[in-house]
Each structure stands twice: as structure tokens, then as C-alpha cells.
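Dear colleague,

Please find the structure below, handed over for your records. My findings follow directly after it.

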Amino acid sequence: MSAESGVPTFRGPDGLWRSFRPEDLANPEAFARDPATVWEWYRWRRRRMSSAQPNPGHVALVSIERRAPRFTVITQNVDGLHARAGTRSLIELHGNIWRDRCCAEPPHVVHHEPGEQEPAAVEPVPLCRCGARLRPDVVWFGEGLDPDHLEGAIEIASTADVLLVVGTSSVVYPAAALPAIARRAGATTIEINPDATPLSGEMDIVLRGRSGEVLPQLDALAVRCS
Ligand code: ZN
């Protein structure tokens with residue numbers, strides 16, 4: 001869904017920054033060693049993301065949520081576009097790149113608006129009001145998911161009537177386990193993806209196409225049927 005909104009993938013030659021691979025920077029050891037460089041990279045990513053807007057797929061999910069008795073979006077995207085589109089019930093499994101947090105327990109959280117100017121030149125590593133170092137509130141390589149988010153996602157998958165699996169390569173666990181959990185609990189599983197994925201064969205229904213095209217059609221169909 002992010003790619004259709006113009007969010008760079010940070011994979012391949014287009015996503016490289018000073019020849020660093022994402023996994024070299026998005027990890028706790030890199031941040032402990034050189035927080036200024038990691039922050040510089042995140043500011044570059046935020047600048048490249050700042051013009052991305054929700055696409056018709058995001059909007060269709062908001063429309064479905066408004067009419068469904070119970071509907072939650074569980075996302076691995078960190079761009080915050082579901083929230084900006086208006087999705088209310090939302091689990092951002094990998095965090096949100098527009099948010100910072102410190103290492104206090106519980107952490108203090110700082111929210112940013114896409115496009116806002118940050119005092120990067122003055123403050124290479126931003127500090128929290130408590131004096132601790134701030135970091136982007138995203139899940140890095142080698143880090144586990146927030147247990148509350150994971151429990152919430154599993155609870156939803158195991159009580160859902162329908163699970164839409166939208167535009168993910170379905171290879172990143174534990175999120176990739178959610179379709180199997182939903183199926184075992186009796187849900188109908190629907191994959192929406194232009195390409196086949198490792199999970200395509202286990203889906204009840206496969207809709208081949210881009211999420212920005214298929215989701216609005218699904219939403220229109222649901223309006224006619226309701
Ligand atoms: Zn703090």
C-alpha cells in the first residue's frame with residue numbers, strides 16, 4: 001500500500017543512502033555506536049516520505065471500517081498513512097516513523113507532522129524532555145514486536161470472520177503467521193496482491209491486482225450487498 005502512495009521502499013539502488021544497507025542502520029547496535037548517522041538516515045527517509053498521501057486503498061479501508069461492526073487494520077507499514085486516511089482501529093506492528101520515543105519506562109513519545117522542519121543541524125541526536133536520547137519509534141532488525149501489539153493482532157486474527165491480506169510479500173514473521181491463525185479459527189482469508197506470494201496457495205480467495213484498485217471495488221461491492 002505504501003508503494004502505491006509513492007513511499008520509497010528503501011530496497012534496491014533507489015533506496016540506498018551513502019551505500020548503507022537498511023539493516024546496517026536500522027538496528028540497536030548501530031544506534032548505540034553512531035546515533036547521529038542513524039538519525040541522519042531517518043531524517044532523509046522522512047524527507048523522502050513527506051509528500052506521500054493516502055491512496056484509494058487506504059480510503060476504501062476507512063469506508064469499510066465505518067460500516068463494519070468490527071474492523072481493524074494490522075499493518076507492517078511505518079509511514080502512518082492508515083491513520084492519516086482516517087483508520088481508527090489500527091495496530092502498527094512495526095511502529096511509526098513520524099514518532100520518536102525515549103528509553104524511559106514507559107517511554108515519552110514525540111509526534112511529528114510529515115514535512116515539518118526539524119532542527120537537524122543544531123541537534124544531530126534529539127533529546128527527550130527527560131534528558132534521554134530519542135530514537136525513531138519503529139521496530140528495528142533484531143528487535144521484537146511490542147507484545148501488546150502482537151497479542152492484539154493474534155486475538156483479532158483468531159476471532160475474525162474475514163481476513164484480508166493486502167499487498168504484503170507475506171514473508172516477515174510473525175505477521176505472516178496471522179493468515180494461518182485466522183484460517184484455523186474458521187475465517188475466510190482473501191489475498192489482494194498483484195503477485196503470487198508464499199501464502200497464495202493457502203488462501204480461500206485470491207484477488208490479483210493492486211490494493212489501490214481492488215480495495216475500492218471490494219468496498220463498492222460491500223455497499224451494494226449491505
Ligand atoms: Zn523521556
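Pro106 is located in the loop between strand 3 and strand 4. In this predicted model, the peptide bond joining Glu105 and Pro106 is cis, with omega at about -10°. As background, most peptide bonds are trans.

The zinc ion has as its protein donors Cys102 (SG), His108 (ND1), Cys128 (SG) and Cys130 (SG), which lie 2.0 to 2.3 Å from the ion. The angles among the four donor atoms are 103 to 116°, and the site is tetrahedral. For reference, the ideal angle for four tetrahedral donors is 109.5 degrees. Along the sequence, the spacing of the donor residues is C-x5-H-x19-C-x1-C. Cys102 belongs to the loop between strand 3 (95–101) and strand 4 (109–111), and Cys130 to the loop between strand 4 and strand 5 (135–138), so this pair ties together parts that are 28 residues apart in sequence.

A further finding concerns a helix pair. Helix 5 (residues 56–67) packs with helix 9 (residues 211–225) at an angle of about 25°, and their axes are 7 Å apart. Because angles under 35 degrees count as roughly parallel, helix 5 is described as roughly parallel to helix 9. The crossing of helix 5 past helix 9 is left-handed. On the side of helix 5, the contact is made by Pro56, Gly57, Ala60, Leu61, Ser63, Ile64 and Arg67; helix 9 contributes Ser211, Gly212, Leu215, Pro216, Asp219, Ala222 and Val223. Of the residues in this contact, eight are nonpolar, four polar and two charged.

Yours sincerely

Note on methods
Residues are numbered from 1 along each chain as its sequence is written. This is a predicted model: local features need pLDDT of at least 70, side-chain atom pairs count only at pLDDT 80 or more; totals for chains, interfaces and linings use all residues. Side-chain values use heavy atoms; hydrogens and water are left out. Axes are lines fitted to C-alpha atoms, for helices over the stretch in contact, and angles run from 0 to 180 degrees between N-to-C directions. Helices (H or I, at least four residues) and strands (E, at least two) are DSSP runs, numbered from the N terminus. Angles under 35 degrees count as roughly parallel, over 145 as roughly antiparallel, 65 to 115 as roughly perpendicular and the rest as oblique. A crossing is left-handed if the near helix is turned anticlockwise from the far one by less than a right angle, and right-handed if clockwise. Contact means heavy atoms within 4.5 Å. Ala, Val, Leu, Ile, Met, Phe, Trp, Tyr, Cys and Pro count as nonpolar, Asp, Glu, Lys and Arg as charged, and the others, Gly among them, as polar. Donors are N, O and S atoms within 2.8 Å of the metal (3.2 Å for Na, K and Ca); water is not among the atoms, so sites may look incomplete. Four donors count as tetrahedral if all angles lie between 85 and 135 degrees; four count as square planar and six as octahedral if opposite donors are over 155 degrees apart and all others between 65 and 115; anything else is irregular.
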